[in-house]
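Thank you all for coming; I would like to take a few minutes to walk through a structure that may be new to most of you. Please have a look at it first, and then we will go through some of its parts together.

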Amino acid sequence: DATQRAIRLAKEVTRSFTPYGTDLEVEVAAAREAGHEVLLDLPMEPISYPADDPGPHTLLTSLNPSENIARLNWLLGRFKGYVGVINHMGSRFTASPDPLRPILRALKGRGLMFVDSRSTSKSVAGDLAGQMQLPSVVYDRFLDHEPTLGAIDQSFAAAEDDSRVRGISLVVARPFPVTLKRMAAWLPMLKARGIEIVPVTALADKQAN
């Protein structure tokens, strides 16, 4: 139900799918047919690993580059049609240049972009991506860090302010029922407020350092 409700949102809203989902090809095809760009959630090692485990194919700092690339290839092979990846967790991995660099290089070789969900303020993903000319963008705000109606509305208002001050703002949201409900209400109002919704590729390399 959440998948279908998200697909019915404005087509400019980019959808991201976990590689561990079921019926991925069908759901991704439905999202793309509705006009959405699609990302793949890339599980990366958090500082709290293994207490918090993103899954059996998580990219780990303890693995050598060839082992992580093998895991990356498995993850990228789960479905087709994505424009890039967004890290799922990864507070340790995205702050570790040596294991991260081969992954970003492999993504560039496939013509993909990297979206940094900024699971740590110590992330070096954006800097490394810039150095190797890998298209990238860093999130500005979680819409539903606190998944309540009032908090989401406050986040929406703050995101509007961000976009006016900075020119662009990348907002990440999760498919909670309350989030989808508020997105369905807010998104149609943005154009009248002078804000354009754009797919994630339109933001690649547009942020100031």
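**Two helices and how they pack**

Let me begin with helices α3 and α4, which are oblique to each other, because the angle between their axes, about 40°, falls outside the ranges that count as roughly parallel, roughly antiparallel or roughly perpendicular. I should say at once that this is a predicted model, so please keep that in mind throughout. Helix α3 covers residues 65-76, helix α4 covers residues 97-109, and their axes lie 10 Å apart. The crossing of α3 and α4 is right-handed. Which residues meet there? On the α3 side they are P65, N68, I69, L72 and L76, and these meet P102, I103, A106 and L107 of α4.

Now let me turn to the sheet. Five strands make up an open sheet, in the order β1-β2-β3-β4-β5, and the pairing is parallel. At the edges we find β1, residues 15-17, and β5, residues 136-138, each of which pairs on one side only. Neighbouring strands in this sheet are turned against each other by 30° on average, if direction is ignored. Looking more closely at one edge, β1 pairs with β2, residues 38-44, over 3 bridges in the parallel sense, and here S16 stands opposite L39 of β2.

Helices lie across these strands as well. Helix α2, residues 24-33, lies across β1 and β2 and runs at about 175° to β1, while α3, which we have already met, lies across β2 and β3 and runs at about 145° to β2.

Finally, I would like to look at two residues in helix α7, which spans residues 177-190. Is T179 buried or exposed? With a relative accessible area of 0%, T179 is buried. Its side chain makes a polar contact with the side chain of D144, at 2.7 Å, and, leaving aside neighbours within four places in sequence, T179 is in contact with L143, D144, I152, A173 and R174.

R182 is also found in helix α7, and R182 counts as buried because its relative accessible area of 17% is under 20%. The side chain of R182 makes a polar contact with the side chain of D153, at 2.9 Å, and, not counting residues up to four places away in sequence, R182 touches L149, I152, D153 and F156.

Note on methods: Residues are numbered from 1 along each chain as its sequence is written. This is a predicted model: local features need pLDDT of at least 70, side-chain atom pairs count only at pLDDT 80 or more; totals for chains, interfaces and linings use all residues. Side-chain values use heavy atoms; hydrogens and water are left out. Two strands pair if DSSP finds at least two bridges between them. Helices (H or I, at least four residues) and strands (E, at least two) are DSSP runs, numbered from the N terminus. Axes are lines fitted to C-alpha atoms, for helices over the stretch in contact, and angles run from 0 to 180 degrees between N-to-C directions. Contact means heavy atoms within 4.5 Å. Buried means under 20% relative accessible area, exposed over 50%, partly exposed in between (1.4 Å probe, protein chains only). A polar contact is a pair of N or O atoms within 3.5 Å; within protein, one must be able to donate a hydrogen and the other to accept it, and residues adjacent in sequence count only if both atoms are side-chain atoms. Angles under 35 degrees count as roughly parallel, over 145 as roughly antiparallel, 65 to 115 as roughly perpendicular and the rest as oblique. A crossing is left-handed if the near helix is turned anticlockwise from the far one by less than a right angle, and right-handed if clockwise.
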